[in-house]
Amino acid sequence: MNREINLIIVSALLAIAGYSLTDTVVVFDRIRENLKTRLKDTAEIVINQSINDVLSRTIITSFTTLLAALSIFFFGGEVVHDFSLAMIIGIAVGTYSSIFVASPVLMIWKSKKWKGHFKK
């Protein structure tokens, strides 16, 4: 993108890493809760239901944070322009990874462990 990596960009990347990690933890916590209560369901159903449970919260949180980052991007000065650009990109990538990447990776990673826990 032909941008200089400076301290402001690094701080935005760290903020987005924390934001995405927190969102992923919320999804995984819901999966953990549903694993305890839905023992008769398959792992795919439990993970799908868990994502559906937190989907509205994730979208609303991401949208409001994106609105704040967009307003900083358009109405802030040149000093915070790079910061807000990194935040906008990070919010999109972090939300996508929390919903569509983290749970399938969990499914693949734990598939051997869960084989005896769930019916097929």
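Seven nonpolar residues, one polar residue and three charged residues make up the lining of the largest pocket. Keep in mind as you look around that this is a predicted model.

**The pocket**

The largest pocket has a volume of about 190 Å³. Two elements each give two or more residues to its lining, namely α1 (7–37) and α3 (78–109). Which element gives the most to the lining of the largest pocket? That is α3, with five residues. If you would like to find the pocket on screen, its lining consists of Met1, Arg3, Glu4, Ile5, Ile9, Leu13, Asp82, Leu85, Ala86, Ile89 and Gly90.

**A nonpolar patch**

Ile5 belongs to the pocket lining, and Ile5 is also part of a nonpolar surface patch. Its partners there are Leu7, Val10 and Leu14, and the patch covers about 440 Å². Valine 10 sits in helix α1. With a relative accessible area of 34%, valine 10 is partly exposed.

**Salt bridges**

The structure contains five salt bridges, and here are three to look at.

| Pair | Closest N to O distance |
|---|---|
| Arginine 30 and glutamate 33 | 3.5 Å |
| Aspartate 53 and arginine 30 | 3.7 Å |
| Arginine 38 and aspartate 41 | 2.8 Å |

Start with arginine 30 and glutamate 33, whose side chains meet in a salt bridge. These residues are separated by about one helical turn because they lie three residues apart in helix α1. Arginine 30 is partly exposed at a relative accessible area of 28%, and glutamate 33 is partly exposed too, at 35%.

Arginine 30 also forms a salt bridge with aspartate 53. This pair links distant parts of the chain, with aspartate 53 in helix α2 and arginine 30 in helix α1, 23 residues apart. Aspartate 53 has a relative accessible area of 31%, so it counts as partly exposed.

Now for arginine 38, which pairs with aspartate 41. Is arginine 38 buried or partly exposed? Arginine 38 is partly exposed, with a relative accessible area of 25%. Aspartate 41, at 21% relative accessibility, counts as partly exposed as well. Through salt bridges that share partners, Arg30, Glu33 and Asp53 are joined into one network.

**Asparagine 52**

Asparagine 52 is found in helix α2, which spans residues 43–75. Its relative accessibility is 43%, so asparagine 52 counts as partly exposed. Where the chain is concerned, asparagine 52 and isoleucine 99 are 47 residues apart, while their C-alpha atoms are separated by 9.5 Å.

Key. Residues are numbered from 1 along each chain as its sequence is written. This is a predicted model: local features need pLDDT of at least 70, side-chain atom pairs count only at pLDDT 80 or more; totals for chains, interfaces and linings use all residues. Side-chain values use heavy atoms; hydrogens and water are left out. Helices (H or I, at least four residues) and strands (E, at least two) are DSSP runs, numbered from the N terminus. Buried means under 20% relative accessible area, exposed over 50%, partly exposed in between (1.4 Å probe, protein chains only). On a 1 Å grid over the protein atoms alone, a cavity is a set of points where a 1.4 Å probe fits but cannot get out, and a pocket is an open set with protein on both sides within 12 Å along at least five of seven lines; lining residues have an atom within 4 Å of a point. Grid points are joined across faces, edges and corners, and a volume is the space filled by probe spheres set on the points. Ala, Val, Leu, Ile, Met, Phe, Trp, Tyr, Cys and Pro count as nonpolar, Asp, Glu, Lys and Arg as charged, and the others, Gly among them, as polar. Patches are made of residues with over 30% relative accessible area and no salt bridge: like charges are joined within 9 Å, nonpolar side chains (Val, Leu, Ile, Met, Phe, Trp, Tyr) within 5 Å. Accessible areas come from the Shrake-Rupley method with a 1.4 Å probe; for residues, only the protein chains shown count as cover. A salt bridge is a side-chain nitrogen of Lys or Arg within 4 Å of a carboxyl oxygen of Asp or Glu.
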